[in-house]
Every structure is written in structure tokens, then in C-alpha cells.
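Here's a walk through one protein model, feature by feature. Keep the structure open next to you and click along as you read.

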Amino acid sequence: MDETALLDMDATAIAEKIKSKEVSCEEVVRVYVGHIKKTNPFINAMVETRFDEALEESKHLDEQIKKNQWKGPLHGVPISVKEAFHVANMKTTGGLVHRQDLISRIDADVVTRLKNAGAIILGKTNTPALSFSQETENKLYGRTNNPWDLSKTAGGSSGGEGAILAVGGSAAGIGSDIGGSIRIPAHFNGVVSFKPGRKTVPSEGHFPPIHDPLLERMFAVGPMGKSVRDMRFMYQLIANRPIEPNHLLNFKVEILPGSIDYPLSLTTIQVLDEIEGFLGKSLTTKRTIPPFFDDSAKLWQEIIASSDSKVLERGAYNNDRTGIMKGLIKERIAEKTSVKPSLTKGIFASKIFKPSAKRVREIQQILDQGDERLKTYLKNRLLIFPVYHSAAPKHGKVYREIFSLRKRFLLYMHICRTLPMPTSGDCRP
């Protein structure tokens, strides 16, 4: 089969071609491995590979096919995995230099489910250090570039996944999201993804683990890929519960107005208008601002800052006695620390903006009340928002917009990822 055709196929199509015996598992894996070797040096998306193991697995799966034995619906399909997830006999570093020799002996739960479905893991993809940024760069593996324009960001924290999928180096992948970390890379790289409702996909085996109850409510594991049908396909394999069918005609469709006090690019405003025009031919649409829109960015930042920053600090610095302030100074002068200044600044900001115990109680009350209100509001309602205010910008700009100590995130983060979501809710870009 033509290599370009294979690389263009989504996971569903590849699975169908393997099942119909039009292509072998080994042939598919060899094509993807070859393509990664050609393209990854430019984008630096895949930071650890298991090509030899993947080829051996593909041969074994081909032998099973000869015996009419099928491991699962992803039998022989090559996928990638965000570096934050444990994969047996591979590193889980979090992008930290002091973790570069740590080999996992177990698979994350979501990895186990995909392996049991027959998927072949080609490698692990880059993240920012501790997945703590919306841009992907760290001292261990370096920076991931957007395959459409190497001078632009791939987003984060699942930036490696977004980039490898966009360049055609994987049929599908897995990411994690606490503040746009799946959706921003998908948006910037032009691939498809969504953030599932919380606790609908298991998170065991993710590094760093999320234990804080307030952070847990914003954290989710989700699929990334080339098509909408793949997102449904993958989600059915990794979710704790089946998808409940529903018909689009049962939903109200609401679109964010382009005239709001939020710095939407002219292209983004035009796209929102085009979506309204297209959907308006068959559905009733409305331009509106949802509940909590004005408060959501500040709530998100306070929840992030309310967690124990010492946990992040210990994870980032390990036995290094440099500390936050000394680390910032050393990095500015000589660039000799083992931690990127973006992570250090993020930890520092968490300390500065950490809400008081009284404010944390107030936030919990707001969230409890918000859950009840949103449970009603989101029932049979689709919200159409841009994931970010523009397409992928140059490297460093997203970080300056979201992690500024001047709280510029209040201007740039009024988007769907910041809504306090109920347990069964999800955020549809």
C-alpha cells in the first residue's frame, strides 16, 4: 500500500485495513517508524522510542492474524503516548534531568487498556517539565516545534502528542489536561481531541500524580488523533463507562459572541461567524456568554495556586539545593540550572498567588454551587468556543500570556477550559 495513504489514515481506517488483510501490521509499523525518523529531528516531538520492540510486536500480531486470532479493535495500530504516562520498560521523566534514568516497570491504566486493545506503542512524546506549562520545552529533551511552522509553538502540555500526530508520525495518541493541555496542542497543531469529563478515564500511572481534590476536578486523560470518529473510537476503549447515544437535534447550540471583551483574532471571529452560518441552516443557534465566564480564569488560577507548591518544588529540584530564587538568578546569568525558568516562575507564582484558607473555603462553596447550576445549564446544550484566541503563535508567547506575574491570564483565559465542570461534564471545543 502507498506509504502516504497509510500516513494519512486515521486509526479507525488502519484498523479496518489490517482486519481486511489489505495491509500487514508489520508494514504499517515500518511505514510509521520510517516517517518518524525523517520528520522528528525537525520537530523534536517523540523523545523516546521503542521501534525494535514495536516491530517485533507487529510480527507477532501478524502471526495471530494467520490463526484468525485478534487481540482487539486496535490490533496492530501504531500509537504514541505522552511522556507523562508510565509505559513498562520506558522512562517517565517529566522532562526533568534528575529523572532521566528512571525506568517504569508498569503501565499506566490507560496504556494497559490500549495495549489490551491491540495497539502498538511507537514511543513517548515531549512535555514541559512536570507538564506545568502550555508550551512544550524542558532541559532534558529540549523544545518541540510546530510542524506547520518550526518557529511556532506546538502548545502544551501534550505538545509532543499534538506535533507527532500533525506530522503523521502516529495514528492516534493519549494526552492529559488540567488547563487546556490536550486542547491547546490540538488547536495549534491542527489535530482532533477533547477533554473528557473528570474521572471518566483512569489517571493511575500519570506523572506527576494528581492528589489534591480541587486539582482532581480539573484533571482528565483523553484521546488525541486525526478524526472525530477516532475520538469516539479511542474513548470507548479507555473510558470507565460507555458512551450514551444522543441526537444533535436534542441540543441547544450556543456560540461565543465575537464582540466580547476578549482579544479574539480577526480570523477566529470570522470562523465563529462561519460556524453560526453553517449550523444555522439546520439547527437553532444563539450567540451568548455562559455562566462563570468572567470569573473562570481567576478561579482556575486560584485552584492551581491552592495546591501544595512544595510538592512541585521537590519534584523539580529533587536534591538540588538551588531553590527557586537562586535558580532564577543562576539561569538568567549563566543558564546552568537543571530546571527551565518557566517551571521555576510557575512555582514561584503559585506561592505568590496562593489563596488563603478562607478563600479556599469560598472557592469550594462557589464550585459546589456552580456544579448544581452547570448541571442544569449544560444539559442538552453544546457550547462552541475557540480553544485559544488565535492560531499558534511564536515560541514563548503563550507562556508570557498565561504565566505572567501581572496576571495577563485574566485577559487570555476566558475560554471553555476554565469553567468549573460537573462530574459528568465535558468541554467541547
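A residue counts as buried here when its relative accessible area is under 20%, and as exposed when that value is over 50%. Keep in mind, too, that this is a predicted model.

## A helix tucked inside

With that cut-off in hand, take helix 6, residues 159-166. Seven of its eight residues are buried, so the rest of the structure largely encloses this helix. The buried ones are G159, G160, E161, G162, A163, I164 and L165. Just past the end of helix 6 sits G168, whose phi is positive at about 85 degrees.

The run-up to this helix has a quirk of its own. G156 and S157 are joined by a cis peptide bond, with omega at about 5 degrees. S157 belongs to the loop between strand 7 and helix 6.

## The open sheet

Now for the strands. Six of them make an open sheet with mixed pairing, and the order across it is 1-3-2-8-10-9. Which strands stand at the edges? They are strand 1 (46-49) and strand 9 (192-193); each has a single partner strand, so one side of each is left without a neighbour in the sheet.

Inside that order, strand 2 (residues 78-82) and strand 3 (residues 120-125) run parallel and are joined by five bridges. If you want a spot to zoom in on, I79 stands opposite I121 of strand 3. As a general point, side chains in a regular strand alternate between the two faces of the sheet.

## A buried threonine after strand 3

Follow the chain out of strand 3 and you come to T127, in the loop that leads to strand 4 (137-138). Is T127 buried or exposed? At 1% relative accessibility it counts as buried, because the cut-off for that is under 20%.

T127 has plenty of company to show on screen. Leaving out neighbours within four places in sequence, it is in contact with K82, E83, A84, G94, T136, E137, N138 and S157. That last name should ring a bell: S157 is the residue on the far end of the cis bond from G156.

## A short hairpin

Strand 6 (residues 145-146) and strand 7 (residues 149-153) run antiparallel, with two bridges between them. The link from strand 6 to strand 7 is a hairpin through two residues. Across this pair, N146 stands opposite D149 of strand 7.

## Backbone oddities in the loops

There's another cis peptide bond to look up, the one from F207 to P208, with omega near 0 degrees. P208 lies in the loop between strand 9 and helix 8 (213-216).

Two residues other than glycine are worth a click for their positive phi. N89 has a phi near 70 degrees and sits in the loop between strand 2 and helix 5 (109-116). At 58% relative accessibility, N89 counts as exposed. K199 has a phi near 65 degrees, and its place is in the loop between strand 9 and helix 8. K199 is exposed as well, with a relative accessible area of 59%.

## Two helices crossing

Two packed helices are described by the angle between their axes and the distance between the axes. What are those values for helix 11 (residues 293-306) and helix 15 (residues 357-377)? Their axes come within 11 Å and cross at roughly 130 degrees. The two helices are therefore oblique to each other, and helix 11 passes helix 15 in a left-handed crossing.

On the helix 11 side, the contact is made by K298, L299, E302, I303 and S306. Helix 15 brings R359, V360, I363, I366 and L367. By class, that contact has six nonpolar, one polar and three charged residues. In general, an α-helix has 3.6 residues a turn, so residues three or four places apart point the same way.

## A leucine to finish on

Last stop: L215, in helix 8. At 11% relative accessibility, L215 counts as buried. Not counting residues up to four places away in sequence, L215 touches I178, I210, I303, I304 and S307. Of these, I303 also takes part in the contact of helix 11 with helix 15.

I178 is 37 residues away from L215 along the chain, and their C-alpha atoms are separated by 7.6 Å.

Technical notes: Residues are numbered from 1 along each chain as its sequence is written. This is a predicted model: local features need pLDDT of at least 70, side-chain atom pairs count only at pLDDT 80 or more; totals for chains, interfaces and linings use all residues. Side-chain values use heavy atoms; hydrogens and water are left out. Two strands pair if DSSP finds at least two bridges between them. Helices (H or I, at least four residues) and strands (E, at least two) are DSSP runs, numbered from the N terminus. Buried means under 20% relative accessible area, exposed over 50%, partly exposed in between (1.4 Å probe, protein chains only). Contact means heavy atoms within 4.5 Å. Axes are lines fitted to C-alpha atoms, for helices over the stretch in contact, and angles run from 0 to 180 degrees between N-to-C directions. Angles under 35 degrees count as roughly parallel, over 145 as roughly antiparallel, 65 to 115 as roughly perpendicular and the rest as oblique. A crossing is left-handed if the near helix is turned anticlockwise from the far one by less than a right angle, and right-handed if clockwise. Ala, Val, Leu, Ile, Met, Phe, Trp, Tyr, Cys and Pro count as nonpolar, Asp, Glu, Lys and Arg as charged, and the others, Gly among them, as polar.
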